[in-house]
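Biologist: Please take one part of this model and go through it closely. I would like a sheet, what packs on it, and the unusual backbone spots.

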Amino acid sequence: MSKQFDVVVIGGGPGGYIAAIRAAQLGFQVACIDEWKNAAGGPAPGGTCTNVGCIPSKALLQSSEHFDHANHHFSEHGISATGVKMDVAKMIARKDTVVKQNNDGILYLLKKNKVTFFHGRGSFVGKAEGGYEIKVAGKAEEAITAKQVIIATGSNARALPGTPFDEVNVLSNDGALRVGAVPKKLALIGSGVIGLEMGSVWRRLGAEVTILEGLPTFLGAVDEQIAKEAKKAFDKQGLKIELGVKVGEIVNGKKGVTVNYTNAKGEAVVLDADKLIISIGRVPNTIGLNTEAVGLQLDERGAVVVDADCKTNLPGVWAVGDVVRGPMLAHKAEEEGVAVAERIAGQHGHVNFNTIPWVIYTSPEIAWVGRTEQQLKADGVAYKAGSFPFLANGRARALGDTTGMVKMLADATTDEILGVHIVGPQASELIAEAVVAMEFRASSEDIARICHAHPSLSESTKEAALAVDKRSLNF
């Protein structure tokens with residue numbers, strides 16, 4: 001006889017484990033199924049984010065940034081550091097430790113909240129009395145029944161047609177996190193978040209990095225002014241970014257990878273590299289879910305079709321995170337997971353897609369929320385813009401990092417903040433103030449009149465707000 005639950009969550013990533021915990025807090029009997037394995041074959045919940053995405057990449061970014069500072073910036077502070085070397089194996093081991101700590105933390109939280117955890121792959125068997133029967137394929141096969149099902153199976157790296165990942169020379173984001181030595185030459189296809197972050201890691205450690213991007217513009221989703229400022233910084237660092245390229249034949253050989261491409265001028269170029277990272281986006285993961293057994297609707301991309309409340313076409317079946325529409329961001333998945341658990345309980349779960357922040361953890365960091373200036377122009381929205389450079393910020397000068405700016409966009413009539421865009425130090429932390437302000441529909445004047453600590457980087461947010469109405473105290 002199968003075990004019965006009120007709610008079963010398939011997938012233990014940010015959307016899944018958060019949904020399971022919230023549902024349990026609301027009084028439901030909950031199970032969470034996740035198939036990720038650690039090196040020893042044990043459970044490793046946390047999904048792409050914890051295992052091969054957000055967490056490990058930030059660990060490597062931090063290590064490589066320390067190395068870069070020791071080699072190039074300590075001397076500015078009077079610190080002599082000669083012969084600084086990077087032990088790549090130890091750096092990777094530290095990253096693995098950070099990942100495991102997060103895995104273990106999630107298992108602890110599930111247990112603490114009385115969520116039953118199943119290690120294996122979850123798939124639909126069919127409809128059952130009062131719900132759905134789900135098979136768990138792990139060390140031993142088990143059958144469970146759920147009244148409500150939340151699908152949170154995440155996404156997989158998109159492969160380039162004709163060039164499969166071997167995770168030796170041709171790498172996905174997974175393989176890019178496990179490179180055992182600094183490659184002399186590293187090529188990347190795709191200048192999105194993964195491409196820029198992984199390119200930054202290995203450039204800091206000494207690799208000659210070339211990023212190939214098919215689009216004619218850099219970071220097209222980012223505010224144009226901010227993207228241009230970021231590109232200048234990356235160019236100065238020696239990160240070679242080629243835009244408007246057309247990738248042709250890729251040859252994966254014993255000694256490395258050869259990429260043939262046509263550049264923006266129409267010239268044929270041959271690029272030889274030791275490693276190639278392909279970062280051209282991700283695709284929804286419904287592999288092995290057996291959606292046809294219950295008639296779950298998928299769209300042309302393979303994503304689970306949901307409405308605004310994350311309901312699928314099946315009663316009692318929901319889906320959240322990367323496997324549905326919307327941005328593939330861990331925090332977006334978390335918000336949806338909480339909202340769905342609350343909706344199952346008859347509450348009014350809330351997700352505001354207009355205030356979901358985006359962050360690229362390069363140096364300088366890039367972060368934004370709301371609409372860009374080009375979007376407002378395209379939509380015919382009358383707006384006011386204000387910006388303030390970190391070059392004029394006392395704390396940024398003391399940190400020794402004055403790259404970038406804060407830019408604020410507000411409605412020309414109501415002064416409501418429509419977007420905030422930052423490139424510069426600690427942008428990932430500074431953007432939170434803008435998210436809170438926009439969630440409460442604040443005006444730029446509200447931010448301008450709030451007292452910010454001095455000296456702090458957040459003063460640049462205040463000054464950008466003042467600049468919206470040409471009232472900056474510094475200009």
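Modeller: Here is a walk through one sheet, followed by some backbone details. This is a predicted model, where local features need pLDDT of at least 70, side-chain atom pairs count only at pLDDT 80 or more, and totals for chains, interfaces and linings use all residues. Residues are numbered from 1 along each chain as its sequence is written, and side-chain values use heavy atoms, with hydrogens and water left out.

First, the terms. Helices (H or I, at least four residues) and strands (E, at least two) are DSSP runs, numbered from the N terminus. Two strands pair if DSSP finds at least two bridges between them. In general, strands of a sheet pair through backbone hydrogen bonds, either parallel or antiparallel.

Now the sheet. It is open and has 5 strands, in the order S18-S19-S22-S21-S20. The pairing is antiparallel. Strand S18 (358-360) and strand S20 (383-389) stand at the edges. Each has a single partner strand, so one side of each is left without a neighbour in the sheet. From one strand to the next, the twist averages 10°. Such angles run from 0 to 180 degrees between N-to-C directions, and the axes are lines fitted to C-alpha atoms, for helices over the stretch in contact.

Look at one pair inside the sheet. Strand S21 (residues 405-411) and strand S22 (residues 417-424) run antiparallel and are joined by 6 bridges. Leu409 has Gly419 of S22 as its bridge partner. Helix H13 (residues 459-468) packs on the sheet and touches S20 and S21. Contact here means heavy atoms within 4.5 Å. The direction of H13 makes about 140° with that of S20.

Next, the backbone spots. Most residues other than glycine have a negative phi, and most peptide bonds are trans. The bond joining Ser363 and Pro364 is cis, with omega about 10°. Pro364 sits in the loop between S18 and strand S19 (365-370). A cis peptide bond also runs from His454 to Pro455, with omega near -5°. Pro455 is in the loop between helix H12 (444-449) and H13.

Two loop residues elsewhere have positive phi. Lys114 is not glycine, yet its phi is near 60°. Its loop lies between helix H4 (88-112) and strand S3 (116-119). Lys114 counts as exposed because its relative accessibility is 71%. Leu219 has a phi of about 50°. Its loop runs between strand S10 (208-212) and helix H7 (224-237). Leu219 counts as buried because its relative accessibility is 11%. Buried means under 20% relative accessible area, exposed over 50%, and partly exposed in between (1.4 Å probe, protein chains only).
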